[in-house]
Amino acid sequence: MSETSMPKEEGLDHSLAFLREGYEFILHRRKSFQSNIFETTLLGKKAICLGGEKGAELFYDPDKFIRAGAAPNRLVKTLFGEGGVQTVDGEQHRNRKAMFMSIMTKTQLQRLDMLIEREWEKASEQWEQADQIKLYEASQRILMKAACAWAGVPLDDEEKRTEQMRHLFESPAALGPDYWQGRTSRSGADQWVTELVQKVRNGELHPIREGALYVFSWHRDIDGELLPEKVAAVEVLNIIRPIVAISIFIVFSALALHQFPEEKSKLKTGDGSIQRFVQEVRRFYPFFPATMAKVKQDFEWEGYHFEKGTLTLLDLYGNNHDPHLWEQPDLFRPDRFLNWDASPFDFIPQGGGDFHMGHRCAGEWVTVQVMEVSVNFLVNRLQYTVPNQDLSYSHTSMPTMPKSQMILTDIQKVTS
Ligand code: HEM
């Protein structure tokens with residue numbers, strides 16, 4: 001087949017446009033080129049952007065793309081941590097991913113549900129005494145305590161550790177001191193959990209055997225070796241940190257309950273489903289704009305040439321808002337999930353493809369469950385007022401959320 005030239009964005013570099021257009025950067029260009037593939041230049045380097053179901057399917061072909069060396073250093077040094085599962089490929093990745101998926105059993109997910117529910121109960125008792133709460137921070141405390149209990153991690157200084165987790169996911173795209181705060185929190189958190197791994201290995205600490213701390217401390221890689229202590233710690237943090245980050249989706253859930261009261265009523269009367277509501281929150285609101293990989297070897301696809309080493313971005317936000325994949329994508333309509341065919345490539349807020357073979361988020365089931373428990377609590381177990389506040393959210397900050405971080409007042413528990 002003869003080679004076709006890829007639609008290409010003119011100009012020297014488009015990093016500034018990416019910052020300006022944020023989540024919509026790739027989708028805008030997919031629309032204007034009328035193509036799910038185009039070439040651009042980011043940070044001085046050629047980059048291919050992919051979207052659509054077929055684009056996502058290609059992106060998750062492990063023979064075509066690799067992750068080693070794809071993520072920018074600032075992401076690895078804050079959000080991911082060095083040596084983590086996100087940056088490995090092939091057999092090594094499958095071995096590491098199996099370690100993550102081994103703790104995602106039905107029993108363990110039920111245990112997490114109970115822990116989350118218990119923390120919501122305890123926290124909401126205190127909220128009744130408070131004038132107001134900011135749901136972003138308040139839910140982070142709930143999630144941190146439950147995540148550590150689930151992972152078997154003793155929580156020494158709750159406030160400090162929760163703040164460290166928050167910095168890890170708030171800092172990657174930050175500038176100046178906020179970015180450096182993320183680096184400091186990464187070192188502090190790595191050191192904290194590395195010491196715990198050491199204690200597990202030398203018999204000083206006996207965490208729950210089903211939790212991430214125990215399982216990852218004793219996991220053996222493809223050579224039969226234990227993971228380096230620091231890598232095991234990075235992976236334990238790859239469980240705790242993203243559970244705390246679910247606070248962003250909890251805030252967006254509360255925003256949706258507020259802005260779409262008819263959907264809230266449906267949940268109260270049982271005419272709607274919490275699961276569909278949660279799926280729509282994950283589709284509708286922005287979280288990660290894209291994920292990235294590098295071309296493994298030269299290849300041709302649909303007549304386009306992919307050159308070894310080229311940075312390639314998959315449009316996560318754009319696929320969730322693609323008018324070819326979703327009817328009226330800019331409307332919040334949980335019932336659209338009644339007819340969804342569960343394709344692994346259209347609804348991809350947490351990546352696509354297969355959990356075990358590819359890099360799709362290991363914690364997607366955890367996220368859905370934690371959100372379901374939390375939405376149920378907000379709808380059926382609490383009464384509260386949403387006072388006037390700035391509920392607008394940026395489409396360029398990453399991560400983003402309502403500016404006021406969702407203030408709630410007059411909180412009362414509903415006795416069931
Ligand atoms: C807060 C909501 C979450 C969002 C929006 C999210 C999103 C993502 C995305 C976009 C990826 C990368 C997919 C790719 O590159 O192909 C990913 C990977 C990952 N996520 Fe999540 N995630 C969330 C929650 C979680 C939770 C709760 C956990 C753990 C309990 C988790 C653990 C992981 C791990 C370990 C990976 C790396 C998987 C791999 O490289 O094979 N995430 N996530």
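1. The shell around the ligand divides by class into 16 nonpolar, 10 polar and 3 charged residues. The model is a predicted one. In total, 29 residues surround the ligand, and the closest are Tyr60, Arg67, Thr291, His359 and Cys361.

2. Polar contacts to the ligand come from several side chains. Arg67 places a polar side-chain atom 2.7 Å from an oxygen atom of the ligand, and a polar side-chain atom of His359 also lies 2.7 Å from a ligand oxygen. For Lys97, an N or O atom of the side chain is 2.9 Å from an oxygen atom of the ligand. Helix H5 (90–101), helix H11 (229–259) and helix H15 (364–381) are the elements that give two or more residues to this shell. H11 gives the most, with 7 residues.

3. H15 has 18 residues and spans 25 Å from first to last C-alpha, close to the 26 Å expected at 1.5 Å a residue. Of its 18 residues, 13 are buried, so H15 is largely enclosed by the rest of the structure.

4. The structure holds 2 cavities of 30 Å³ or more. The largest has a volume of about 50 Å³. Its lining includes Phe249, Arg282, Tyr285 and Asn320, and helix H14 (residues 316–320) supplies the largest share, 3 residues. By class, this lining has 9 nonpolar, 1 polar and 1 charged residues.

5. The second largest cavity has a volume of about 40 Å³. Among its lining residues are Glu263, Lys266, Arg276 and Asp335. The lining divides into 3 nonpolar, 2 polar and 4 charged residues. Helix H12 (261–269) and helix H13 (274–284) each supply at least two lining residues, with the largest share, 3 residues, coming from H12.

Terms used
Residues are numbered from 1 along each chain as its sequence is written. This is a predicted model: local features need pLDDT of at least 70, side-chain atom pairs count only at pLDDT 80 or more; totals for chains, interfaces and linings use all residues. Side-chain values use heavy atoms; hydrogens and water are left out. A residue is near a molecule or strand if one of its heavy atoms lies within 4 Å of it. A polar contact is a pair of N or O atoms within 3.5 Å; within protein, one must be able to donate a hydrogen and the other to accept it, and residues adjacent in sequence count only if both atoms are side-chain atoms. Helices (H or I, at least four residues) and strands (E, at least two) are DSSP runs, numbered from the N terminus. Ala, Val, Leu, Ile, Met, Phe, Trp, Tyr, Cys and Pro count as nonpolar, Asp, Glu, Lys and Arg as charged, and the others, Gly among them, as polar. The expected span of a helix is 1.5 Å times one less than its number of residues. Buried means under 20% relative accessible area, exposed over 50%, partly exposed in between (1.4 Å probe, protein chains only). On a 1 Å grid over the protein atoms alone, a cavity is a set of points where a 1.4 Å probe fits but cannot get out, and a pocket is an open set with protein on both sides within 12 Å along at least five of seven lines; lining residues have an atom within 4 Å of a point. Grid points are joined across faces, edges and corners, and a volume is the space filled by probe spheres set on the points.
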